[in-house]
Amino acid sequence: MSTTTERHARTDRPARSEAELQQMAKDHLWMHFARQSVMTDGPGVPIIVKGEGHHIWDSQGKKYIDGLAGLFVVAAGHGRKRLAEVAATQAEQLAFFPIWSYAHPAAIELADRLADYAPGDLNKVFFSTGGGEAVETAFKLAKYYWKLQGKPTKHKVISRAVAYHGTPQGALAITGIPAMKAMFEPVTPGGFRVPNTNFYRADDMGAPSHDIEAFGVWAADRIEEMIQFEGPDTVAAVFLEPVQNSGGCFPPPPGYFQRVRQICDKYDVLLVSDEVICAFGRIGHMFACDAYGYVPDMITCAKAMTSGYSPIGATIVSDRIYEPFAHGDTAFYHGYTFGGHPVSAAVALENLDIFEEEGLNQHVRENSPIFRSTLEKLTDLPIVGDVRGDGYFFGIELVKDKTTKETFDDDESERLLRGFLSKALFDAGLYCRADDRGDPVIQLAPPLTVGPAEFDEIEQILRGVLTEAWARL
């Protein structure tokens with residue numbers, strides 16, 4: 001079939017009406033992390049049809065600010081024609097070939113580039129198609145590595161309370177959200193939890209609440225305590241996000257990661273920096289571990305590597321972990337059909353060119369304090385308890401009582417977040433996340449291209465909706 005015919009066939013596809021799309025969705029589409037009842041019993045689902053810059057449009061023609069970069073993904077913004085063109089060019093030349101015993105230029109060049117960006121001796125790149133797979137890879141590799149070192153009992157992994165690390169069976173064992181695991185028990189064994197770095201809730205943890213550095217030491221020492229309790233000869237790795245996403249953007253206290261690195265070295269435990277959200281500019285650096293001054297043994301990353309224009313993930317590994325696989329007949333029997341996909345790798349390279357040409361990391365570092373101070377204006381509202389985060393990644397925790405920090409019970413949270421806030425914010429023109437996996441929070445992670453004018457617009461929308469939410473309470 002000729003190219004002309006292919007293009008004609010594509011543009012000839014009938015345009016569906018809103019009613020047709022809603023019916024097709026109701027009949028056949030199973031959404032992720034969503035209640036299907038919105039389609040079965042409710043009015044249907046918002047259908048997004050276009051993106052340009054930091055805006056998206058729905059099928060009704062309404063325009064919204066993308067306050068979550070899709071899902072912490074569209075770092076360089078929507079509608080980048082050069083990324084679409086690179087994808088098309090690569091697809092015409094080589095649309096697919098696996099990296100199972102073979103290679104292709106785009107994967108080779110991207111691996112080289114990621115290794116160049118990564119700190120220390122993290123020089124080897126294992127590709128996947130997303131973040132959950134990258135975490136799964138790191139988990140399996142950690143266990144295999146210790147078996148090769150003659151320490152087969154080192155198989156347990158430690159992560160933080162309320163942390164999200166993915167949904168595959170292995171990654172789910174690392175995820176620290178009980179409600180996400182209950183229906184899938186028994187999950188892969190070996191996952192253990194320690195307190196997170198939510199300084200706003202330090203009192204609730206029995207931790208130091210008046211000195212953030214002391215709190216950081218306390219939180220890090222809980223990792224040492226867990227290693228000692230389980231036995232250092234059974235613990236393979238610690239998985240930590242630089243800024244914890246679930247629960248609402250918990251940044252690390254000063255010195256926290258330095259202490260964690262010391263603990264991991266002391267007990268011969270691997271440190272995995274899960275940067276699926278935090279890598280590629282979200283915290284103003286290619287890798288957020290650089291922002292906080294630590295060198296992990298592995299980095300997991302995905303999302304913003306291509307700004308979402310094509311799916312990809314990666315696990316970046318230190319020379320130490322790679323060394324047992326470098327010689328002889330030892331192989332890592334693990335992989336994904338679409339890992340290191342030629343189109344995705346080509347798009348990633350072009351996306352990273354945009355980062356460098358437009359100075360997106362520097363832009364985030366310069367504007368993050370303005371973003372923070374703009375959002376902190378909302379603390380004059382009685383419902384806003386805390387504003388926290390870093391880079392272009394912030395959470396606003398909602399409370400019933402600012403003085404006591406009293407939170408909402410499950411029923412109130414259901415009515416507030418799902419019953420009102422999510423829809424009200426969207427109706428007001430802001431796409432973001434109202435999340436109750438910990439205490440109720442609103443999360444913001446817009447494209448890295450936005451600036452003070454957009455911060456003001458976001459604050460004004462939030463102010464109006466949160467004021468109404470409080471009145472309803």
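Which helix does A214 lie in? A214 lies in helix 11; helices (H or I, at least four residues) and strands (E, at least two) are DSSP runs, numbered from the N terminus. A214 is partly exposed, with a relative accessible area of 29%. Here buried means under 20% relative accessible area, exposed over 50%, and partly exposed in between, with a 1.4 Å probe and protein chains only. From A214 to D436 the separation is 222 residues in sequence and 28 Å in space, C-alpha to C-alpha.

This is a predicted model, in which local features need pLDDT of at least 70, side-chain atom pairs count only at pLDDT 80 or more, and totals for chains, interfaces and linings use all residues. Residues are numbered from 1 along each chain as its sequence is written, and side-chain values use heavy atoms, with hydrogens and water left out.

**Helix 12**

Helix 12 covers residues 256-267. Its 12 residues reach 17 Å from first C-alpha to last, close to the 16 Å expected at 1.5 Å a residue. The expected span is 1.5 Å times one less than the number of residues. Y256, F257, V260, R261, I263, C264 and Y267 are its buried residues. Seen down the axis of helix 12, they fall within an arc of 160 degrees, so they line one face of the helix. The arc is that of the directions from the helix axis to the C-beta atoms. An α-helix has 3.6 residues a turn, so residues three or four places apart point the same way. D265 and K266, on the other side of helix 12, are exposed.

What do the buried residues of helix 12 pack against? Their partners are strand 5 (156-160), helix 11 (212-230), strand 7 (235-240), strand 8 (270-274) and helix 13 (288-292). Contact means heavy atoms within 4.5 Å.

**Helix 7**

Helix 7 runs over residues 131-148. It has 18 residues and reaches 26 Å from its first C-alpha to its last, close to the 26 Å expected. Its buried residues include F139, L141, Y145 and W146.

**Two helix pairs**

The axes of helix 6 (residues 105-117) and helix 15 (residues 342-358) come within 8 Å and cross at roughly 40 degrees. That makes helix 6 oblique to helix 15. Axes are lines fitted to C-alpha atoms, for helices over the stretch in contact, and angles run from 0 to 180 degrees between N-to-C directions. Angles under 35 degrees count as roughly parallel, over 145 as roughly antiparallel, 65 to 115 as roughly perpendicular and the rest as oblique. Among the contact residues are L110 and L114 of helix 6, and L349 and L352 of helix 15.

Helix 16 (residues 360-376) and helix 18 (residues 452-472) pack at about 20 degrees, with axes 9 Å apart. Helix 16 and helix 18 are therefore roughly parallel to each other. In helix 16, N367, I370, F371, T374 and L375 meet P452, F455, D456, E459 and L462 of helix 18.

**Backbone details**

The table lists positive phi values.

| Residue | Phi | Citation |
|---|---|---|
| A69 | near 50 degrees | not a glycine |
| S101 | about 70 degrees | not a glycine |
| G150 | about 80 degrees | just after helix 7 |
| D268 | near 60 degrees | follows helix 12 |

A69 is found in helix 4 (residues 69-72) and is buried, with a relative accessible area of 0%. S101 lies in the loop between helix 5 (81-94) and helix 6. S101 is exposed, at 78%.

A cis peptide bond joins E185 and P186, with omega about -5 degrees. P186 sits in the loop between helix 9 (178-181) and strand 6 (191-194).
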